[in-house]
Amino acid sequence: MARAVLALGEGLQAEATCPVCLELFCQPVITECGHSFCGRCMAAVLGAPPRPAACPQCRASVAPGSLRPNRSLGAVAGLAGALGDEACRPRCPAHGEALGLFCEGCRRPLCALCREEPRHRDHRARPAEEAAEQLRETLQSNLVFLQKEKEEFKPEGEKKSDGLLGKVASERQRLRDTFKQLQEFLREQEDVLLAQLDKAHGELAKERHKYVSSVSERKSMLDKLIAEIEKKRDQPVVEFLMDVGKTLSRCEAVKAPIPEPVSLQLQTTVKNLSETSQLVVDAAAKFKVNLLSKIDRERVKVTLDPETASPYLILSKDCKTVRLGDGQQNLPDNPKRFTGSPSVLGSQGFTAGRHYWELEVGDRDSWAVGVAVESVRRKDSLSVAMGKIWALRLDWNRQYTALHMTPAPLALMEEPQRIRVHLDYEAGQVTFYNAENMMEILQFKASFTEKVFPYFWLWSQETYIQLCA
């Protein structure tokens, strides 16, 4: 019905529109030829001073004094304008009716038909004008409050940010200076130790040359003396005895010991330098380990949980190493223990954050390492429990497998023996690296909603898994 009324209103507006200005008639006048126009439009057509002109519609002559007011058409134009204003009012998109009500529960305008719908029936509805007046007052009070808040709004968060930015820049410079000083110190010590080694190398080379020369000279003397004795022993008596003393003297001289290839003092020097070099290597390794252990906050110390270990697995006293035993041990069957597969969990679980641990698997097969959620099925076989396990497995045929739901074979270029398992709980990532060169082996995508534990599985007595310190 409302749409029909609006359509009639549009038709009425079209009839009440001046053909000259295309607006609703304003003080309309009618010509002798029966056409109506706004009074001001015809005044503009007749000109000033008024003179006869052609009718804008039929081109008939219109004399200045022939125009008569058309008051009825003016009233119709007024009604058409009122209908147009009504048509311009927002209407309900569902019913086409005017939005004359306001639902306080839903905080939205309604038409009369919307008011009867079940979702609005229990809400208070007020006339739109009344609701708008009250809400304008509410908004005005909010405006006053917000303007006051704006005047008093002097946040100091930037000062805190600036302070932290300054601290970061200061720490950055401090670290640069510290590492620069450390590098300079290490270079100085390197230069000193290398100079000592270079000096020892030079002295060794000099003594070696001297030794090689002595050996060569002694060999030459031996060759000459042997030839001389072989010749002399067959000489006649008098001729033999003439210079036999010189020959005997040379024999005694050639029996003198050859000097040592390296002097005792130089051997001691090399030994001391070697010990110093080893001390430097050990100190550097210890320094790196200590430094990483202090700043690497993602690394966690993982131990094996005896309460979860399968009766077929044997754990070391420090709970760092696991092997497969000869048979089943007599252990209490608690709810946490794996009895369906030779598995064991780490003692510490994680519900947030980034963590990693490293382990050694040796060069044997039939092992799996990774993570499992707390609800993993422990009394069933590995094939049943796989849905809640994310692991890297090396099978008996040396085939690497991504172990989750359906196992997927992997083609690895190398066989890692030390593995890093990295867990990012929030990102839902489990990543495996070759810890020796930090090359990525495998990454799982998951969505964790419960505690996650390190997971280990063994199926060969020749294999072991050892957690690294």
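Which exposed residues does the face of α9 turned away from its buried side carry? I began my notes with this question, working throughout on a predicted model.

**Helix α9**

I looked up the helix that spans residues 244-254 and found that its buried residues are V244, T247, C251 and V254. Seen down the axis of α9, these buried residues fall within an arc of 85°, so I record them as lining one face of the helix. For my own reference, an α-helix has 3.6 residues a turn, so residues three or four places apart point the same way. I then checked what this buried side meets, and noted that the buried residues of α9 pack against α7 (157-232) and against α8 (237-242). Turning to the face away from the buried side, I found the exposed residues K246 and E252 there, which settles my opening question.

**Cysteines**

How many disulfides does the structure hold? I found zero. I looked at C38 in particular, where the closest cysteine sulfur, that of C18, lies 3.8 Å away, and this is too far for a bond because a disulfide needs the two sulfur atoms within 2.5 Å. C114 is likewise in no disulfide, and the nearest cysteine sulfur to C114 is that of C92, at 3.4 Å. I also checked accessibility for both residues: C38 is buried, with a relative accessible area of 0%, and C114 counts as buried at 3% relative accessibility.

**Cavity**

I searched next for enclosed space and found one cavity of 30 Å³ or more, and for the largest cavity I noted a volume of about 40 Å³. Which residues line the largest cavity? I listed V361, G362, D363, R364, W367, L394, R398, Y400, E415, P416 and Q417. When I sorted this lining by residue class, I obtained five nonpolar, two polar and four charged residues.

**G428**

Is G428 buried or exposed? I found G428 buried, with a relative accessible area of 1%, and I placed this residue in the loop between β17 (418-424) and β18 (429-434). Leaving aside residues up to four places away in sequence, I noted that G428 touches F444, K445, A446 and F448. I also looked up the separation between G428 and E358, which stand 70 residues apart along the chain, and found 19 Å between their C-alpha atoms.

Definitions and conventions:
Residues are numbered from 1 along each chain as its sequence is written. This is a predicted model: local features need pLDDT of at least 70, side-chain atom pairs count only at pLDDT 80 or more; totals for chains, interfaces and linings use all residues. Side-chain values use heavy atoms; hydrogens and water are left out. On a 1 Å grid over the protein atoms alone, a cavity is a set of points where a 1.4 Å probe fits but cannot get out, and a pocket is an open set with protein on both sides within 12 Å along at least five of seven lines; lining residues have an atom within 4 Å of a point. Grid points are joined across faces, edges and corners, and a volume is the space filled by probe spheres set on the points. Ala, Val, Leu, Ile, Met, Phe, Trp, Tyr, Cys and Pro count as nonpolar, Asp, Glu, Lys and Arg as charged, and the others, Gly among them, as polar. Buried means under 20% relative accessible area, exposed over 50%, partly exposed in between (1.4 Å probe, protein chains only). Helices (H or I, at least four residues) and strands (E, at least two) are DSSP runs, numbered from the N terminus. The arc is that of the directions from the helix axis to the C-beta atoms. Contact means heavy atoms within 4.5 Å.
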